[in-house]
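Thanks for passing this one along. Here are my notes, written to be read with the model open beside them.

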Amino acid sequence: MWEYTDKVKDHFLNPRNVGEVENADGVGEVGSLACGDALRLTFKLDENKRIKEAKFKTFGCASAIASSSALTEIVKGMTLEEAEKVTNQDIAGYLGGLPEEKMHCSVMGREALEAAIANYRGEEQKKQEFEIVCKCFGITDKEIERAIRENNLTTREQVTHYTKAGGGCQACHPKIEAILEKVWGREKKPAAPVPPPGRKLTNLQKIRLVEETLQREIIPPMRADGGDLELVDIDGNTVYVALRGTCSFCPSSEFTLKKYVESKLREFVGPDIVVKEVKP
Amino acid sequence: MRTVYLDNNATTRVAPEVVEAMLPYFSELYGNPSSMHFFGGQVARKIAEARERVAALLNADPSEIVFTSCGTESDNAAIRGTLESYPEKNHVITTRVEHPAVLNVGQYLRARGYRVTELGVDRMGRLDLDELRDAIDEQTALVTILYANNETGVIFPIEEIGEIVKARGIPFHTDAVQAVGKIPLDMAKSHIDLMSLSGHKLHAPKGIGVLYIRKGTKFSPFFIGGHQEGGRRGGTENVPSIIGLGKAAELAIEHMDEENGRVRALRDRLEKELLDRIPNTLVNGDRDNRLPNTCSLSFEYVEGESILLLMSDQGICASSGSACTSGSLEPSHVLRAMGVPFTAAHGSIRFSLSIYNTDEDIDWVIEKLPAIVERLRDISPFWKDYKEGKPISSLMAGIHPEHTRHR
């Protein structure tokens with residue numbers, strides 16, 4: 001049996017916003033019957049161009065239904081520019097995490113949102129250059145590349161968990177390996193998250209590692225509590241951040257910064273990191 | 001909450017009589033059956049009795065019964081033990097719908113240079129025996145074919161197959177894990193050389209299995225060690241479980257009529273009522289040649305894991321051939337081999353009954369399941385379109401629906 005969080009169970013048993021918005025401004029359809037999961041997302045904007053209503057219809061497992069429900073809750077009230085920035089990690093984070101084998105459900109949510117926004121803007125859906133890598137599930141190289149970058153994936157198994165690519169006949173495994181190599185370069189496989197002791201990071205490497213750590217370890221749980229954090233600057237070992245959302249007026253924000261953000265960054269980036277808050 | 005257990009092809013309840021029979025062997029009767037003293041000797045006699053009881057269930061000779069740790073060990077021992085006895089041959093015939101304990105041994109052998117022929121099945125899950133006849137050649141060392149399918153319950157014509165295989169002088173193994181205890185078997189009149197069974201599928205505990213090896217069959221032991229099991233499987237006997245399996249075999253003989261009478265009737269009622277109450281429901285597998293306890297249904301346009309979890313919420317335990325329950329992303333290899341369309345394969349649910357199920361259990365499922373499927377269909381983007389007769393957009397139907405596994 002899968003280890004689903006209570007939040008996943010809740011959104012599966014009591015899904016929010018099921019259905020189709022009438023006269024929708026944007027419609028996004030992703031997945032397919034053949035693949036075993038599919039999602040139709042519809043939304044309507046208000047006069048301020050914010051998402052007034054978002055509804056879903058999903059064919060799929062418990063985590064696919066829960067991810068769709070979470071997605072509609074997340075985007076409600078957002079402008080399209082804000083909605084565009086929603087990642088699959090946000091969806092998974094909102095649900096308190098998903099089993100790794102089920103992360104593709106959160107990716108499907110993000111893709112449906114993108115498709116719906118593109119549909120609203122009248123853009124042709126994904127007519128850019130792409131190659132279908134996984135023929136079983138119809139996953140393109142662009143989709144795989146994006147999932148690799150956004151989630152710091154380093155192994156073929158992870159790519160399968162996040163995109164489903166390679167989960168069928170397995171003929172595309174060499175191609176997936178090649179994409180991984182292309183993204184991360186020949187030598188450097190990233191997200192050996194703990195830097196070996198004594199390793200000297202270049203400034204660029206440090207900035208990247210801080211960003212990655214924030215995106216992967218720090219921001220998703222904060223967002224789940226209604227907060228957020230923005231990276232403002234990095235000067236030497238000092239990382240300047242601004243707290244947003246509920247965190248910005250939370251009396252224990254100092255505690256959050258020192259005990260949580262700083263300790264995570266020290267764990268994954270380096271022991272000398274100091275975190276400072278930039279007040280708005 | 002009420003628990004309705006309909007997942008007996010996964011595992012069964014240990015019969016209370018079996019538990020009782022086993023208990024002394026965990027405590028006061030702890031001797032090693034190989035010991036020379038009276039204390040171990042009394043245990044050895046009880047093991048001999050258990051062996052006789054298992055033999056009686058199969059109408060075999062007790063010397064043909066080898067106790068193992070599980071069905072998977074029995075399958076591995078049968079296949080690899082036979083191949084070791086025929087080092088000059090390099091071909092194995094099996095089917096596409098085997099349990100992983102055979103299917104993955106096939107993959108293992110292939111990687112080591114064996115030719116492995118996997119016979120296909122038709123839409124009803126049936127073999128084409130001409131395909132088997134054509135596949136046999138001079139290099140064939142072993143034919144291993146499932147007795148009854150764990151997902152659909154479809155029973156293969158094992159004696160007819162055995163006749164074809166034996167006419168060519170080739171050893172014949174069958175994985176009968178799902179068949180033993182549910183349908184009568186008679187080794188005295190059979191062409192089977194080797195047969196696997198597993199205790200926990202017939203109300204004995206987990207961790208005990210049997211490999212039946214017909215007298216005169218070439219066999220190299222898979223577990224090398226002491227002289228236990230006539231030198232065919234080393235290792236000190238799992239005494240309590242062997243005693244338990246002996247008792248379970250005795251009970252299985254007593255309950256054989258009930259399995260094929262009352263349990264079959266319960267299964268048939270469950271199936272009929274669900275087909276009547278839930279539209280777009282299909283039965284997977286040959287309904288005329290099935291285990292009496294198994295029923296595999298597909299509910300179109302919904303996904304199996306969701307059904308399982310909502311049923312679980314109502315205390316109903318079953319299983320699914322859907323991709324999402326396994327983490328493998330593709331639906332069951334059995335349903336795919338049968339060519340069950342994707343619309344149905346993802347929404348497959350297997351119910352498997354036992355003598356412990358009651359009319360009330362079936363009533364509960366009949367009452368709860370229609371609402372569960374309806375609820376999920378209301379969430380599904382395909383159902384409304386389907387009902388309104390709209391075609392599913394090509395995007396949503398799947399980019400490569402024709403694509404099948406190719407390896």
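The points below go from the overall form of chain B to a hairpin and some charged pairs.

1. A word on the source before anything else: this is a predicted model. Please read every value below in that light.

2. Chain B is a good place to get your bearings. It contains 13 helices and 13 strands, and its C-alpha trace spans about 75 × 55 × 35 Å along the principal axes. The radius of gyration is 22 Å, which agrees with the value near 22 Å that a compact globule of 407 residues would have.

3. The interior and surface of chain B add to that picture. Of its 407 residues, 57% are buried. Among contacts with a separation of 6 or more, 73% join residues 24 or more positions apart. The chain exposes about 16300 Å², with carbon and sulfur atoms supplying 52% of that area.

4. In chain A, have a look at strands β6 (residues 227-235) and β7 (residues 238-245), which pair in the antiparallel sense over eight bridges. Together β6(A) and β7(A) make a hairpin with two residues between them, and G236(A) in the turn has a positive phi of about 60°. To find the register by eye, start from D228(A), which stands opposite R244(A) in β7(A).

5. Now for the charges. Side chains of opposite charge can pair when their charged atoms come close. Over all chains, a search of the whole structure finds 49 salt bridges.

6. One of these is a local pair in chain A: the side chains of D6(A) and K9(A) meet at 3.9 Å, N to O. Both residues lie in helix α1 (residues 6-13) of chain A, three residues apart, about one turn of the helix. D6(A) is exposed, at 60% relative accessible area, while K9(A) is partly exposed at 41%.

7. What does the salt bridge between R50(A) and E82(A) tie together? Its side chains meet at 3.3 Å, N to O. R50(A) sits in the loop between β2 (37-45) and β3 (51-59) of chain A and E82(A) in helix α3 (residues 80-84), so the pair ties together parts that are 32 residues apart in sequence. R50(A) is partly exposed, with 33% relative accessible area, and E82(A) is also partly exposed, with 35%.

8. Two further sets are worth displaying. E217(A) and R216(A) form a salt bridge at 3.0 Å, N to O, and R216(A) is partly exposed at 24% relative accessibility. Over in chain B, salt bridges link K46(B), E49(B), R53(B), K247(B) and E250(B) in a network.

How values were computed:
Residues are numbered from 1 along each chain as its sequence is written. Chains are lettered from A and ligands numbered from 1 in the order in which they are written. This is a predicted model: local features need pLDDT of at least 70, side-chain atom pairs count only at pLDDT 80 or more; totals for chains, interfaces and linings use all residues. Side-chain values use heavy atoms; hydrogens and water are left out. Two strands pair if DSSP finds at least two bridges between them. Helices (H or I, at least four residues) and strands (E, at least two) are DSSP runs, numbered from the N terminus. A salt bridge is a side-chain nitrogen of Lys or Arg within 4 Å of a carboxyl oxygen of Asp or Glu. Buried means under 20% relative accessible area, exposed over 50%, partly exposed in between (1.4 Å probe, protein chains only). The radius of gyration is taken over C-alpha atoms; the globule rule is 2.2 Å times the number of residues to the power 0.38. Contact means heavy atoms within 4.5 Å. Accessible areas come from the Shrake-Rupley method with a 1.4 Å probe; for residues, only the protein chains shown count as cover.
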